[in-house]
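Got your viewer open? Let's take a walk through this one, one selection at a time.

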Amino acid sequence: MITLVLPDGATRIVPLGTPAHEVVLSIGKGLLKASIAVAVDGVVQDLSTPLRKDGKFVVITEKDPRALDVLRHSGAHILATAVRRLRPDAKIGFGPAIEDGFYYDFEVAHPFTPDDLAAFEAEMRKVAAEKYPFVREEVSQAAAKKRFADDPLKLERLQDFEGSDEIISTYTDGPFTDLCKGPHVPDTSYLKHFKLLHAAGAYWRGDEHRQMLQRIYATAFFKQEDLDAHLHRLEESKRRDHRVLGKALDLFMFHPFAPGAAFWTEQGTTLMNTINEFMRELQRDDYKEIMTPLLYNKALWEISGHWGVYKDNMFLVHDKETGENDFALKPMNCPSHHLLFASKKHSYRELPLRYTTFDVLHRNEISGALSGLTRVRQFRQDDCHVYLMESQIAEEVQRLTQFILGYYATFGLSATLKFATRPAERVGTDEMWDTAERGLKQALDATGLPYAMKEGDGAFYGPKIDFDVTDSIGRHWQLGTIQLDYSQPERFDLSYTGEDNHAHRPVLIHRAVSGSFERFIAILIEHFAGAFPVWLSPEQVRVLPIADDLAPHAAEVTAKLRAAGIRAHLDTRSETLNYRIREAETMKVPYMAVIGKREAEANTLAVRERGAGKKQEVIALDAFIARVTGEIRSRALPAPVTADAGVAS
RNA sequence: GCACGCAUAGCUCAGUCGGUAGAGCACCCCCUUGGUAAGGGGGAGGUCAUCGGUUCAAUCCCGAUUGCGUGCUCCA
């Protein structure tokens, strides 16, 4: 017998192996109808699975977030059922529920076309209508092997269980049986609101050396309105896509002659420079900004170790005197910073010494990885290397952490911290890692901030703190990083003179705040949907004289705005006011200053704010200048950044 | 890198079941001098990504190349 405790404290004592649905029925008939699955001590299982353990018994209905995973996993089986009916030759791989839906991998002779997807979706509706129950069976390894004799991928999976006491189960819905641990919804008719999204290649088990399968991505919900909302969200992110907005707002472009490297227009350059200047200002007092060469002899990369492991990702440059490709563009700044550091003697009094740089870096990413501004081959990092004594680590890490979080906050971005510890492949002794991890952890604890652990995810030379940023539509980006490194100071034989007049090895911290300016700008574009705060906007005020004869006055106004440090532009084209307002709105200029006869005479402006519609405010020129310069100085954020902020419908 | 898809005017896209192309916006000119999201008219603009093949004929079919897009261990 096993004992189940219901949420209200009541208990049910039932024979071992009783199917869950019997227990649910004993609670209520209506509940059984509404139930999708159950959880025993948090472990989700389906209604037909025999109960084997005592524990807290919770019935999962549509309202439980875990129900969606069950539905989606069943959706994957229904997808496979449909594919097998139409393409009996398809071999099946994995078909899990994922964050926003599910997928299923198939091995087929001919990849799927969009028409195939439409046919599969139609077939899935039939399978759902046929209301096949999901029947669970528990089988022996031998029986399973026999059953999946024609499915080599499943056989490979079965191999993993050889010798383990794992219960092997299969699920059958109508004509289709899959090796699966469940859980599933009771029958196929539960899948009502779903959509196949796209197909793409995916390596079997993510291994590029294995065969490529065809993966079909799909999503499913319990309610049509949830599905609609999800599809709407997808549309919304497409509209915010920095590649689309970058073109629409004329910020940057790419050219086939320079794949993976952005061209910045004057607007985009202004944006880039504004962000760069902000960082420069923050680092003015405690950092030493330096510039180092972009191109180095391989001798440097041999010392740093890049020539051995990273060479394929570097752009090599031919030297006409040696006739060899023995120069390379730098993929990171650290080695060059070390050369500068090592060029003279340093006292312990100088530490922590912080070198910061904005140099251009090149990494030869594989072509398939390139994507807009988020994965490029040429980029600039807000890079910093701190040379310090071991005793200074805690304070420095706290300082850098506050710096990074403060920087994000200026843009209305929040971040969570992740502490990544020693990876399997690493350099240095265990003792060194103990010291480094302890030091970093103490420093992190001292900040009082919550953080998640990422065991084994550190850099090969040291543990690190990663900053995971959430944008206005809830997407996550890994941006900043603080990495502790005992290895490079060793390789580059770095030293400082201590109080004891002896040479000591400094510890190194690598720090990046935005990862790269390119990627950060991509995130900002999507975060703000192109409607940047005033201080970031490439164009802050557009001056619009109503008629031609007001142009001279408008030009004076523009000059005054510019003299005050405001990025103002004058639009005197002989177009209607409506036309010019529309264009300024489309380009997401934060302020439109309209000048008619009345304003010219009173030296005022009829100010329209971006996105505020017809609402206008007549304000004295001086007052307007004070307001805008104030917003620029304080780097004010626009009214709460919401999911729809500034997105034209 | 690999699988699939896409590439037509500056942009967004139609189109040609093989007979060398069209719209809207943008651009230029003219009229309009306007009060808060498109005033009206006219014009210019394309070796249909590149190279090769098939064909009487290719932007369209086939192949290659380049670029871009989706994706490439959230496990049975």
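Here is a tour with stops at the confidence colours, a sheet, its helices, the RNA and one single residue.

**Before you click.** This is a predicted model, where local features need pLDDT of at least 70 and side-chain atom pairs count only at pLDDT 80 or more, while totals for chains, interfaces and linings use all residues. Residues are numbered from 1 along each chain as its sequence is written, chains are lettered from A and ligands numbered from 1 in the order in which they are written, and side-chain values use heavy atoms, with hydrogens and water left out.

**Stop 1: confidence.** Colour chain A by pLDDT, the predictor's confidence in each residue, from 0 to 100. The mean is 92, and 98% of the residues reach 70 or more. Now select 641–649: the pLDDT there is below 50. Where pLDDT is low, the predicted coordinates should not be read in detail.

**Stop 2: the sheet.** Helices (H or I, at least four residues) and strands (E, at least two) are DSSP runs, numbered from the N terminus. Strands pair if DSSP finds at least two bridges between them. Look for an open sheet of five strands, in the order β32-β31-β33-β34-β35, with mixed pairing. Which strands stand at the edges? They are β32 (568–570) and β35 (616–620); each has a single partner strand, so one side of each has no neighbour in the sheet. Next, select β33 (591–595) and β34 (604–609), which pair in the antiparallel sense over four bridges. Zoom in on Tyr591, whose bridge partner in β34 is Glu609.

**Stop 3: two helices.** Show α18 (577–586), lying across β31 (541–545), β33 and β34. Then add α20 (621–634), which packs on the sheet and touches β31, β33, β34 and β35.

**Stop 4: the RNA.** Select what is near RNA strand B (a heavy atom within 4 Å). Of the 57 residues around this strand, Leu179, Ser367, Ile546, Asp548 and Glu599 come nearest. Which element gives the largest share of this surface? That's α18 again, with six residues. Now try Gln616: an N or O atom in its side chain is 2.6 Å from a base oxygen of the RNA. At Tyr217, a polar side-chain atom lies 2.9 Å from a sugar or linking oxygen of RNA strand B.

**Stop 5: Thr447.** Finish in helix α14 (430–447), where you'll find Thr447. Is Thr447 buried or exposed? Thr447 is buried (under 20% relative accessible area; exposed is over 50%, partly exposed in between, with a 1.4 Å probe and protein chains only), at 14%.

Key: Contact = heavy atoms within 4.5 Å. Axes fitted to C-alpha atoms, helices over the stretch in contact; angles between N-to-C directions. Polar contact = N/O pair within 3.5 Å; in protein donor to acceptor, adjacent residues only side chain to side chain.
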